[in-house]
Amino acid sequence: MSTSMPNEIETTRVVSHDPNLADVILHVDYDLPAAVSELIDNSIDANAKNVLVRLLRNRTGLVGMQVIDDGIGIKQDEFDDVMRFAKRRKYGPSERGLYGIGLKSGSLSMADQLSVVSMPSGSVPSGRRWTRETAKLEQLAVLSSAYCLAVMQHANMSIPWKNWVGGTIVDLSELDDFKRVSGDASQVSVYADELLTKIEQHTGLVFHRLLDAGRKSIKIHLDILDTDSCEPFGSRCVEAVDPFGYTKSGCTGYPKKFRIRMAGRAKPMTVLAHIWPKGVKSNNFRIPRSGHASAAEGQGLYIYRNDRLLMSGGWGGMRNPEDHQSLARMEINLCDSDLEFLEPTFNKTGVKMVPTFCKALRDSSATDGTTFIDWIEKAIAVARKQSQSAPQVKLPLPQSGVAVRVRNAFSEVSSNGDEVEVIWKRMPKEIVFSVEAKNSIVYINKAYENALSNDCGSTTLTRTTLSTTLILLLAKDLLVDRKGKNVKALEDAIQTILVAAIKGDDF
């Protein structure tokens, strides 16, 4: 009697995916800065040199967000495939795309409506629109040519770069987070400023290699557009936050190349082990993170693919983060063949490492015989070494209200200053600023913002300059929670002089 098994497969047939697939994909876990970074990835893959992340607001609150670029645009005959769910195209070796869902999942995970309008250079604009409901029904809206042209022309009036001949606008409306913001104008302003700061910090880290001044592969602009006046404000550019941006290594012989040998691979992977110098407080070391995480959170592995940061610190379960290891950071660059062992998460905010890679990394070594453990122990020894005595400067460390480069400068020169917030709000016209020393807050009168920008031509420059000047002038007042007569008299004198200066009398 034969024991052979019958054929396993009788035939094959095409079975459409359940329409609920779109609903499942829309629940991929994104926070807003990570979703924005997904959209910027698309712009970079479209060869954009400029990307604008723009919040839209009116008198009552935030009404939407746009990501605008000057890339090659989307051809009309390719638009449906770009907008299709679970359509994974073949990506080039230098592109950042991975799974083919970032545009749709990132956008509709946080907004009720996604509209995309695009115009390749020398072509006519076209567009498509999904809502959460139409995505479930598989009903993709085709936007009219007249509407798409109007959208492109309207954006062209206020974008921060010149000679825009083509590109793409991703428009999100009815964002979940925006609906939760109170209609109070001052609260909306604070929320919008904090949100732009979070996007600035996240994208400055994720794309730091592409934002580096020596490369200038891309420029990321941020602003807020008043939809009533069609005037942008709060404009600024994202600056790189380089987790390896120190000027002198913390230990002789570092950074050091380590080789990771994986079974079945003839060529080892080369990674770079760094030891930061002790005592540096710059943003490059501290890496701005939500929740005021400690510097210990910055230690560990930094994993890149095509110059895009996928994992920003941590040990991937290999070891626990501890304060005395905070100077140890390792730089890992992935190629597509490495994705077998290190798989980026859907939202590109982490990397899953297989156990065999973790073991190979622990067993890695440099050509001089230095082992992985030797590197960690050397970083610990540097951290514990007593720093040389030197004059200590203590200044407040601004966390908002000034450009990233200014925050970095404060961190570089101040050894142990307290964090301070800068908030612009409406106050009586005889007051330019007020200080809440107990909570380390400087309030600046928003009524003078337009006067400053009209005089100097740049709202961002004047906001940053005035904020920085006040922090320096009021350093002692901010660091010590007291209000002596001399301090109060000095504040009153500064108020009077600043009011006179801002009024712009003739010289």
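These legends accompany several close-up views of one predicted model.

**View 1. The whole chain gives us our starting point.**
Before zooming in, it helps to know what the chain contains: 17 helices and 20 strands. Of its 507 residues, 49% are buried. The chain has an accessible surface of about 26,000 Å², and carbon and sulfur atoms account for 51% of that surface. What share of the contacts between residues at least 6 apart in sequence join residues at least 24 apart? The share is 65%.

**View 2. Helix α2 meets helix α8.**
Here we look at α2, which covers residues 32-45, beside α8, which covers residues 185-206. The two axes come within 9 Å, and they cross at roughly 55 degrees. This angle makes α2 oblique to α8. Is the crossing right-handed or left-handed? For α2 and α8 it is right-handed. On the α2 side, the residues that take part are Leu-32, Pro-33, Ala-34, Val-36, Ser-37 and Ile-40. They meet Leu-195, Lys-198, Ile-199, His-202 and Thr-203 in α8.

**View 3. Ser-37 sits among residues from elsewhere in the sequence.**
Staying with helix α2, we now pick out Ser-37, one of the residues of that helix. Is Ser-37 buried or exposed? Its relative accessible area is 1%, so Ser-37 counts as buried. Which residues does Ser-37 touch, once its neighbours within four places in sequence are left aside? They are His-202, Thr-203, Phe-207 and Arg-308. You have already met His-202 and Thr-203 in the previous view, where both belong to the α8 side of the helix pair.

**View 4. Strand β13 pairs with β10 and with β11.**
This view follows β13, made of residues 328-334. Six of its seven residues are buried, so β13 is largely enclosed by the rest of the structure. Strand β10, residues 269-275, pairs with β13 in the antiparallel sense, over four bridges. To find your place in this pairing, look for Leu-272, which stands opposite Glu-331 in β13. Strand β11, residues 300-305, pairs with β13 too, here in the parallel sense and over six bridges. A handy landmark for that pairing is Gly-300, opposite Arg-329 in β13.

**View 5. The loop after β11 holds two positive phi angles.**
Follow the chain to the loop between β11 and β12, where β12 covers residues 308-312, and you will find Asn-306. Asp-307 lies in the loop between β11 and β12 as well. Most residues other than glycine have a negative phi. In Asn-306, however, phi is positive, near 50 degrees. Phi of Asp-307 is positive too, near 65 degrees. How much of Asp-307 is open to the surroundings? With a relative accessible area of 23%, Asp-307 is partly exposed.

**View 6. Eight strands line up in an open sheet.**
Reading across this sheet, the strands come in the order β5-β4-β3-β6-β2-β1-β7-β8, and their pairing is mixed. Which strands lie at the edges? They are β5 (141-143) and β8 (231-237), each of which pairs on one side only. From one strand to the next, the twist averages 20 degrees. Within the sheet, look for β1 (residues 50-57) and β2 (residues 62-69), which pair in the antiparallel sense over seven bridges. Arg-57 has Leu-62 in β2 as its bridge partner.

**View 7. A cis peptide bond appears in the loop after β8.**
Most peptide bonds are trans. The bond that joins Tyr-254 and Pro-255 is cis, with omega about 5 degrees. Where should you look for Pro-255? Its place is in the loop between β8 and β9, the latter covering residues 256-260.

**View 8. Four strands form another open sheet.**
The order here is β17-β18-β20-β19, and the pairing is mixed. The edges belong to β17 (397-398) and β19 (433-436), which each pair on one side only. Strands β18 (residues 419-425) and β20 (residues 441-445) pair in the parallel sense, over five bridges. To locate this pair, find Ile-423, which stands opposite Tyr-443 in β20.

Technical notes
Residues are numbered from 1 along each chain as its sequence is written. This is a predicted model: local features need pLDDT of at least 70, side-chain atom pairs count only at pLDDT 80 or more; totals for chains, interfaces and linings use all residues. Side-chain values use heavy atoms; hydrogens and water are left out. Buried means under 20% relative accessible area, exposed over 50%, partly exposed in between (1.4 Å probe, protein chains only). Contact means heavy atoms within 4.5 Å. Accessible areas come from the Shrake-Rupley method with a 1.4 Å probe; for residues, only the protein chains shown count as cover. Two strands pair if DSSP finds at least two bridges between them. Axes are lines fitted to C-alpha atoms, for helices over the stretch in contact, and angles run from 0 to 180 degrees between N-to-C directions. Angles under 35 degrees count as roughly parallel, over 145 as roughly antiparallel, 65 to 115 as roughly perpendicular and the rest as oblique. A crossing is left-handed if the near helix is turned anticlockwise from the far one by less than a right angle, and right-handed if clockwise.
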